[in-house]
Amino acid sequence: MLNQGDEARIERLPGEFRERRPAWQVLTSEKYIKWFLVIPLLVVLGVFAFYPLFYCLYMSFHEAILIRPPEFLGLDNYRKILHNRLFWNSVGRSASTVVVCVGIEITLGLGIALFLNREFRGQNIVRGLCLLPLMVSPLAMSLMWKYFLEPQFGIVNVMLSWIGFSQVAFLSESGVALYTIMFMEIWKWLPFSIFVFLAALRGLPKDAFEAARVDGASPWFTFKKLTLPMLKPFMMIVILLRVMWLIRLSDPLFGTTQGGAGTEVLDWYIYRIAFIRFDIGEGTTLALIALLMTIIIGAVLFRQLIKALGAAR
Amino acid sequence: MRRVIFWIGVAIILFVFIFPIAWIFVTSFKGRTDIMVPTRLLFVPTLENYVYEFWKMPLLKEMKNSAIVSVISTIFVMAVSLPAGYSFARFNTGEGHLLFFTLTTRMFPPVVAAIPFFFLFRDLGLLDTHLGLILLYLYFNMSFATFLLYGFFREIPEELEHAAMVDGYGRLSIFRKIIFPLIVPGAAITAVFCLIFAWNEFFFGYIFTRTVARTVSFGLISHWGSVVVQWGPMAVGVIFAILPTLIAGWFMQRFIVRGLSFGAIKG
Amino acid sequence: MKKSAVVALAVVMGALLVLTTGQVFSAQKAFNLDDIPEIENKTPLTLPLEAGGEEDTLIPFVKQFEEKTGIPVNTEVMLFAVMYGKENIELVGGTGAYDIVIVEASWTNEWAPYLFSLEELAEKYEPEGVEAVRRDLVYLDAGLRRMASTREGVIYGWPYECYTLMNMHRADVFEHPRERANFRRRYGYELAPAKIWDQLRDQAEFFTRKKGDKLKGEVLTHDLYGLALMAGRFPHVQDQIGAILWGMGGHWAKIVRDENGKPLGFRISEQDKTLLKATFETYVDLLQFASPGSLNAFWDFVMAQFSAGNIIIAPALYDSCYPWMSAWGPDVGPGARIGGAPTPMTQPYCGNFHFAVARDGKNPEGAYWLAKWMGSYEVHKAWIEAGFIPSRRDVVEEPMYRKPELHEKLGWIPTMLETWDYQYPFVNNYLHFNSAAFGKIYDFMTELCHDVARGALTPQEGVDEWVKTFTELQTKFGQLPVLK
């Protein structure tokens, strides 16, 4: 880092002044400034991240049900949860949601981005319209789709019946409902990956592609050897953020199945234990386990992202 | 021929993305019986749902609350995330660990975080207040904002700062005079995202407010009774819950698209 | 004047006299807004109301209360599915956010520590003391009164909304000669609203038909199903399954009392387990004749299926759906008419909501009078006329609501009264109204019943899961033990 010039300036300051520098100057000095700048963040983290974390750690070792004082249990809550079929089912559902949604969003998003990555008349309007689902609130989205997917008077089923399909109970068949939720999520978040990729594609260096074209490389070869590696950091960003948000999926369930028809994903299960059953002991334990799982996944992805960013530089 | 195929493709994409939003607009003008017959395109439009939402339900107040909370919380988020993002980008503060820790706050199930906060806010008298919700949204948005700004700050060439230092600028004046003007577009994008996320947030709004500070999302879910679902008013509620963000999205689209480049496009 | 005319006149006069004095008499006794004494404490009240349009009916009365007493009232509309969690955290947290809470009957035991009992309040605030509240409570149905009370019989709230499951069916189809003849030929007995669940199964099977088959001699343009059920992951699924279980004489868990009537604990007997398994089997069996979509359904779906002419029977549906469904008659098809009867075996869940006064509220006096006003004759009268189901017998039994021309709207009244009377002796022993952990058990039951319905658990697994988790939850959250 560049502190030599600065050090030199400090050296030049009169001795007396240097010894009694006001706190403000100490804080903004070259040595401390990087920490000074994160003070607000540290304060917020201290209150909002550590407080619930310690609360949860404490409660997870207790039988805490609010109506009487917590009672020490040791590791019982953890043992119980790790042996609970409902917990593992919900983890499984969350995992498949993440895999399916991220997989489709990445491939379809890249596909559409490549498709739209050209100059055409009205391109701004088309792109602007494509962006809109991203703006819709998850709850509003779920209520909207609940109305469209109503087996009886939902527009989707009416349209299906025009082309000769029979009614599908999108939000009630246990094999179907989870995919419907995934579909809703993808509908909302596909623009996110489309636009990340569109922006990335536009930022690609033109000369490399020109050279490849001159060398007579096939489009597929160019895509595989040039485009994909260059897009990797952006894929990692999409994957990291979407994985983290999808693990925390619960808003769309409020307006639709409320965890029914085999759609109880991890966060809904936690919601039920913590907020309907008010079993604070088990709820906080669940939260910690979920947090740990997310952190592990997040850390792996984050490392990949940093690596990809480094490679791309 | 290729052009035709291209436009068919565009039409399909637009249909999938836009039709649901357009359809809910149409639905909001339908009366009770028409709502049950979705294909009836020729219907007598009625404003009854709008009248109901604005005169009988506190929709206007809810929108005002959501707006207050979103805007102020976004200001707070920027105050926290701008310096932090800069620090992470320029000095690699905490060798990435602190940045990652900041990210993990979004990994904590909000449902469970809500319980200790509920008791804390009760003791501080922050339940059902705008301030309480603002603080929660600060917590909620801070991690993503910091991450996004970190990306933008990284794109600002360090050489600029070197040059400024040689000219005798201090760190703070560099931040103010050189970095800040360059980060404005990135900060604007981040702010738009924070606004949208805060406006769209449901769970905290629902747990931490009652009547005074209740938000649009909270109002939305109150159309689903144990004996009646009010589809019409719900459609109006949905429209006004998404309209501000749609408008923001439309007018800020250039910025948003740039924001989603995570710094890939210069300038 | 002819003698007969005199007699007729006398009879009419007499009848009028009886009616008017009866009216005057009951009006004198019935509590009214004017009976609220001056309230010193003017601290504003907060009153939660259930979402979905019902607040439209109640808010004018809240306004009247504000005018009369000068106490401002804030209303907060909330969704039923999240009401328990929201109210619970405010009550347990002691925030004093709500002066009055909406209590579902089965949460009464659990929340009793956070609420004032009505007699406690009456003693403080009624000019005539406890007697006054006892006198007014007489007008409520006795069963519903018990449900608003703890297992010790202490009443906590003024019931307002009631919901009773009943059997709704297409009367025109049930009366059609050809259908009747076919049914008799196939099953050997007359087609009539099912008295037992086996009959319902026969009927469901009988009416499940494919597109192109005939109904009432006319060719069907779509598939027809015998019935529709509310098997989604909503509280309603356990209301339906409970109706079968109780009808069979089974219990989720039975309260055990000593010779003085003091509750000792709960027990799930072997017989109860067998009956619960049979109940699950019955329900799953019925689902094969239910219109697809039942697995995510609650009442709105059943209503929509009925009005689309897709089903013939809604075997256990809330009576408040009746007016809607009968209004849709013309949409269903020519001559379509709705018929009502008690659910098979006449022991469905028949719960209600009551308004109770929270202990940590800032104005219990105002809250008491507001809750009482919400439970008054006038409010319930408006309630029934707005299409909801009141809890006061004097309102439901009003002769003016029995007029034939009101049948479309209020035809559910006789069925409901029959159900109320029949089930009254059993209510005291139902788990719902005795366990202090029921808010938690309720949610688990919903999940369990839904899982059994969708086949994620076999009936036997469902029973085992019930015994295991019930024991766990009751031991952890309830006050009474589970006995072996």
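In which sense, left-handed or right-handed, does H5(A) pass H7(B)? Hold that thought for a moment, everyone. First, the small print: this is a predicted model, where local features need pLDDT of at least 70 and side-chain atom pairs count only at pLDDT 80 or more, while totals for chains, interfaces and linings use all residues. Residues are numbered from 1 along each chain as its sequence is written, and chains are lettered from A and ligands numbered from 1 in the order in which they are written.

Okay, back to the helices. H5(A) passes H7(B) in a left-handed crossing, left-handed being when the near helix is turned anticlockwise from the far one by less than a right angle. H5 of chain A covers residues 39-60 and H7 of chain B residues 130-155, and they pack at an angle of about 135° with their axes 11 Å apart. The axes are lines fitted to C-alpha atoms over the stretch in contact, with angles from 0 to 180 degrees between N-to-C directions. H5(A) and H7(B) are therefore oblique to each other; oblique is what remains after under 35 degrees (roughly parallel), over 145 (roughly antiparallel) and 65 to 115 (roughly perpendicular).

Who meets whom? From H5(A) we get A:Leu41, A:Val44 and A:Phe48, and from H7(B) B:Leu138, B:Tyr139, B:Met142 and B:Thr146. Contact here puts C-beta atoms, placed from the backbone, within 7 Å. By class, that contact has six nonpolar residues, one polar and no charged.

Now chain B itself. Chain B has 13 helices and zero strands, with helices being DSSP runs of H or I of at least four residues, and strands E runs of at least two. Its C-alpha trace spans about 75 × 70 × 30 Å along the principal axes. Of its 267 residues, 55% count as buried, that is, with 20 or more other C-beta atoms within 10 Å of their own.

Next, A against C. There, 24 residues of chain A are in contact with 23 of chain C. On the chain A side, helices H11 (174-203) and H15 (266-276) are the elements giving two or more residues, and H15(A) gives the most, with three. That side has twelve nonpolar, nine polar and three charged residues.

Last stop, chain C. Strand E11 (residues 338-342) has four of its five residues buried. E11(C) pairs with strand E4 (residues 157-170) in the antiparallel sense over five bridges; pairing takes at least two DSSP bridges. In that pairing, C:Met166 stands opposite C:Pro342 of E11(C).

Terms used. Two residues are in contact if their C-beta atoms, placed from the backbone, lie within 7 Å. Ala, Val, Leu, Ile, Met, Phe, Trp, Tyr, Cys and Pro count as nonpolar, Asp, Glu, Lys and Arg as charged, and the others, Gly among them, as polar. A residue is buried if 20 or more other C-beta atoms lie within 10 Å of its own, exposed if 12 or fewer, and partly exposed in between; C-beta atoms are placed from the backbone.
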